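Here is a short tour of one protein chain, for a reader who likes to follow along residue by residue. Please keep the viewer open while you read.

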Amino acid sequence: MKFSEFFKLWAQTYYKNVALIGKKGDFFTAVSVGNLFGTLLASHFLSLIDKKILTPPLQVVEIGANEGYLSRDFLSALLEFRPQIFKELEFFIIEPYEKLRILQRKTLEGCEFTHKNSLEDCKFSNAYIFCNELFDSFSCELINEKTMAFVDDFKLYFALSDEKIQNERENLGLKIGELSTDLNLFFKQLDKACKSFVFSGFDYGVLEPNKFSLRIYQKHELFDPFKVNLKEFFGKSDLTYNVNFTHLLKLIENYNFKLLAFKKQSKALSEFNFEEVLEQTKNKNLQSYENFLSQAKRLFFGFDDKFHFFEFAKF
């Protein structure tokens, strides 16, 4: 089978059995650091409204919420900063896996929201969509010049690419690395599902891939999928890779969406009214303020330069 099909089966097995994030899981994300990440995103969201980039009423949507902690932190911060905004918001989580839905309902107990299975099930008139490390979970092909990877009995091998993949590779100027056709499908579904939107995302990747970045995380330990027995890890550990940001930016351009931001994650977070949030927290609760300072050190200095924030819109 094509490697992308193998990847998709792996991810479906992994996530449907509940992939925990943080100390008890296979990997950390910015959400694992604490509630500052979601708090700063909420502050940024309110800035978009104040700048008239977003105009309520709005559908607020998280895609790939896992246990629901980012949504919890985001909504809690909105309640703290501007509780009156809730009368103009509807909240949705796009989640295909029932076990994760159960966790999300538990995390967001007391909050009114609607689960959707996929973007194909959605019709949003005016949406704010956010996600964290979503695109690195999309299935991909492994490309090496004119060949692509296949899997037989859990063993990788390379053979000649089909014409569609070859054209896509040449379009992106990709010689070696990962190529996600699922990203193409996502943009098609996003465009169809939303009359207008602003999309805020965080992910790790590079603009010019020149090597394979595919890797496995199990209990925070890193493994090379080209050197291990894939059968031992299949569906029981995180399979991921660096997002090709050139591909992402080309799709934004091809769909005539407007690019609002593309920058290092740490820089973006520091610009999400960080000092104002700190000052406001200090005046209300000194312990929370000190907690935020501790989290800020990890958020701003604990994630390498591959982590980016990107934001684009359809008006």
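## Charge balance

The 41 positive and 43 negative charges of the protein have mean positions that lie 1 Å apart. Please bear in mind that this is a predicted model, so every value here is computed from predicted coordinates.

## Overall build

The secondary structure comprises 12 helices and 15 strands. The C-alpha trace spans about 60 × 40 × 35 Å along its principal axes. The radius of gyration is 20 Å, which agrees with the value near 20 Å expected for a compact globule of 315 residues.

How much of the protein is buried? Buried residues account for 53% of the 315 residues. The exposed surface comes to about 15500 Å², with carbon and sulfur atoms supplying 49% of that area. Among contacts with a separation of 6 or more, 78% link residues 24 or more positions apart.

## Around helix H3

His-44 sits in helix H3, and counts as buried because its relative accessibility is 11%, below the 20% cut-off. Which side chain makes a polar contact with the side chain of His-44? The partner is the side chain of Glu-311, at 2.7 Å. Glu-311 also appears among the contacts of His-44 beyond four places in sequence, together with Tyr-128, Ser-200, Phe-272, Asn-273 and Phe-309. Phe-272 is 228 residues away from His-44 along the chain, yet the two C-alpha atoms are separated by 5.1 Å.

Follow the chain on from H3 (36–50) towards strand S1 and you will meet Pro-57 in the loop between them. The peptide bond from Pro-56 to Pro-57 is cis, with omega near 5°. On the other side of H3 in sequence, Thr-29 belongs to the loop between helix H1 (3–16) and helix H2 (30–33). Thr-29 is buried, with a relative accessible area of 5%, and a polar atom of its side chain lies 3.2 Å from the backbone nitrogen of Val-31.

## The loop after strand S1

The loop between strand S1 (58–63) and helix H4 (69–81) holds Glu-67, and Asn-66 has its place there too. Are these residues buried or exposed? Asn-66 counts as buried at 8% relative accessibility, and Glu-67 is also buried, with a relative accessible area of 7%. The two side chains make a polar contact of 2.7 Å with each other.

The backbone deserves a look as well: Asn-66 has a positive phi of about 50°, although it is not a glycine. For a sense of distance across the model, take Glu-67 and Glu-170, which are 103 residues apart along the chain and have C-alpha atoms separated by 38 Å.

## A positive phi after strand S4

Glu-133 is another residue other than glycine with a positive phi, here near 50°. Its place is the loop between strand S4 (127–132) and strand S5 (141–144). Glu-133 counts as buried because its relative accessibility is 12%, under the 20% limit.

## Helix H9, from start to end

At the start of H9, a side-chain oxygen of Asn-244 comes to within 3.1 Å of the backbone nitrogen of Thr-246. Just after the helix, Asn-256 takes a positive phi of about 60°. Which residues of H9 are buried? They are Phe-245, Thr-246, His-247, Leu-248, Leu-251 and Ile-252. An α-helix has 3.6 residues a turn, so residues three or four places apart point the same way. With that in mind, it is worth viewing Leu-248, Leu-251 and Ile-252 together, as they are among the buried residues of H9.

His-247 lies within this helix, which covers residues 245–254. At 3% relative accessibility, His-247 counts as buried. What does the side chain of His-247 join in a polar contact? The partner is the side chain of Asn-184, at 2.7 Å. Apart from residues up to four places away in sequence, His-247 touches Asn-184 along with Glu-168, Leu-172, Leu-179, Ser-180 and Leu-183.

Terms used. Residues are numbered from 1 along each chain as its sequence is written. This is a predicted model: local features need pLDDT of at least 70, side-chain atom pairs count only at pLDDT 80 or more; totals for chains, interfaces and linings use all residues. Side-chain values use heavy atoms; hydrogens and water are left out. Helices (H or I, at least four residues) and strands (E, at least two) are DSSP runs, numbered from the N terminus. The radius of gyration is taken over C-alpha atoms; the globule rule is 2.2 Å times the number of residues to the power 0.38. Buried means under 20% relative accessible area, exposed over 50%, partly exposed in between (1.4 Å probe, protein chains only). Contact means heavy atoms within 4.5 Å. Accessible areas come from the Shrake-Rupley method with a 1.4 Å probe; for residues, only the protein chains shown count as cover. Lys and Arg count as positive and Asp and Glu as negative; His and the chain ends are not counted. The place of a charge is taken as NZ of Lys, CZ of Arg, CG of Asp or CD of Glu. A polar contact is a pair of N or O atoms within 3.5 Å; within protein, one must be able to donate a hydrogen and the other to accept it, and residues adjacent in sequence count only if both atoms are side-chain atoms.
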